[in-house]
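Me: I would like a close look at one part of this protein. Please take the aromatic side chains and the cysteine links, and walk me through them residue by residue.

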Amino acid sequence: MESGSLSGLGRLNRAGRSAPAGGPAFLAASDVAAPAIYRELAGRRIGIILLGMVVNGRTGVGNLTSEQLRGIYDGRYTNWKQLGGNDLPVRIVGRDAASGTRRAFETAVLRGSEPGTVSSYDCSGKDRDAAARVTRCEVNSTGSLLETVGRVPGAIGYAEVYAAAKNPRVTRVRLNGREPDIEWAGQHSYPFWTVEYLYTYGQPEAGSLAAKFRAFMDSDTAKNILRKYQHVPCADLASAPNSACGP
């Protein structure tokens, strides 16, 4: 089931607390570390997720700087022509508060909380707050965000690089002139990424499905699957200094 990272962690914690013994037979993947209140969750860093900005194809922009993005999200830029694009109003498609991707965007790009009133139900117009400076809506999944950005002229949002590449109705834009690159050596000046965690409720019992899946994540097959989805396996960074996959 696709949901925000924090929603998945909450579901795992609730299932674990009510499980008779041994914890639930599922795990939670999260692109944000579990909050301290989930003391029973045991997490492992499995890789780096590359994230990127996406826009509706009619915006006419192919590159944005971090400063321009901060200006878009705080309402300084309200039309794409202000950024060298077409004469279209900016429409911001955000993720809800349960999203780890939103938290990564706020931390790595905005350097603060995503500002602005939710002024629209579907980003087509300001049907929630007509007085708001920018049209802004929120969705609860990557798929919904990409669908909305692809449908609404002038829309902008953020998503995993692989998911965005599979959607022909959105345009990926460079960030500070750079493309996200699975070769981690090229990421030092590309800011938008996050660590992917795999959580169990406590330490899974030997031989359980959860234990077997966690062991599978150390296999070459699993590492190749991560690379296929434009993730950088933590195993590839084992010898890198100051690695984000470190303890």
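Reply: What follows goes through the aromatic rings, then the cysteine links, then a few single residues. Keep in mind that this is a predicted model.

Start with the ring pairs. The count comes to six aromatic pairs. One of them is Phe105 with Phe192, whose ring centres are 5.7 Å apart. Their planes meet at 50°, so this pair is tilted. The cut-offs explain the label: planes under 30 degrees apart count as stacked and those over 60 as edge-to-face, with the rest called tilted. The pair links distant parts of the chain. Phe105 is in helix 3, while Phe192 is in the loop between strand 7 (170-175) and strand 8 (193-201). In sequence the two are 87 residues apart. Phe105 has 0% relative accessibility and counts as buried. Phe192 also comes out at 0% and counts as buried.

A second pair to look at is Tyr162 with Tyr229. This one is edge-to-face, with 65° between the planes. The distance is 4.5 Å centre to centre. Again the pair links distant parts of the chain, here 67 residues apart. Tyr162 belongs to helix 5 (residues 161-165). Tyr229 lies in the loop between helix 7 and strand 9. How accessible are these two rings? Tyr162 has a relative accessible area of 21%, so it is partly exposed. Tyr229 is at 33% and is partly exposed as well. The cut-off matters for Tyr162, because buried means under 20%.

Now widen the view around Phe105 and Phe192. They belong to one aromatic cluster with Tyr73 and Tyr158.

Tyr229 has a further role in the picture, at the surface. With Phe213, Phe216 and Ile225 it forms a nonpolar patch. Together the four have about 330 Å² of accessible area. Phe213 sits in helix 6 (residues 209-216). Its relative accessibility is 36%, so Phe213 counts as partly exposed. That value also meets a patch requirement, because patches are made of residues with over 30% relative accessible area.

Two other rings have a charge over them. The charged end of Arg11 sits over the ring of Phe26, 4.9 Å from its centre. Arg128 does likewise with Tyr121, its charged end 5.1 Å from the ring centre.

Next, the cysteines. The structure holds two disulfides. Take Cys123 and Cys137 to begin with. Their sulfurs are 2.2 Å apart, S to S. The angle about the S-S bond is -105°, and the link is left-handed. Cys123 lies in the loop between helix 3 and strand 5, and Cys137 in strand 5, so the pair ties together parts that are 14 residues apart in sequence. Cys123 and Cys137 are both buried.

The other link joins Cys234 to Cys245, at 2.0 Å from S to S. It is left-handed too, with -75° about the S-S bond. Cys234 and Cys245 are each in the segment after strand 9, eleven residues apart. Both of these cysteines are buried. Number the bonded cysteines in sequence order and the pairing reads 1-2, 3-4.

The loop that holds Cys123 runs between helix 3 and strand 5. Arg111 has its place in the loop between helix 3 (100-110) and strand 5 (135-139) as well. Its backbone stands out. Arg111 is not a glycine, yet it has a positive phi of about 60°. Arg111 is exposed, with a relative accessible area of 65%.

Which residue in the loop between helix 7 (220-228) and strand 9 (231-233) calls for a similar check? The residue is Gln230. Gln230 has a positive phi of about 65°, although it is not a glycine. At 27% relative accessibility, Gln230 counts as partly exposed. Tyr229, from the edge-to-face pair, is in the loop between helix 7 and strand 9 too.

One last residue is Asp31. It is found in the loop between strand 1 (28-30) and strand 2 (41-56). At 6% relative accessibility, Asp31 counts as buried. Asp31 and Asp181 are 150 residues apart in sequence. In space they are 18 Å apart, C-alpha to C-alpha.

Conventions. Residues numbered from 1 in each chain as written. Predicted model: local features only at pLDDT ≥ 70, side-chain atom pairs only at ≥ 80, totals over all residues. Heavy atoms only, no water. Helix = DSSP H or I, 4+ residues; strand = E, 2+ residues; numbered from the N terminus. Buried < 20%, exposed > 50% of the residue type's maximum accessible area, 1.4 Å probe, protein only. Disulfide = S-S within 2.5 Å. Patch = residues over 30% accessible without salt bridge, like charges linked within 9 Å, V, L, I, M, F, W, Y side chains within 5 Å. Areas by Shrake-Rupley, 256 points an atom, 1.4 Å probe, with all protein chains shown as cover. Salt bridge = Lys/Arg side-chain N within 4 Å of Asp/Glu carboxyl O. Phe/Tyr/Trp six-rings, centres within 6.5 Å; stacked < 30°, edge-to-face > 60°. Lys NZ or Arg CZ within 6 Å of the ring centre and 35° of its normal.
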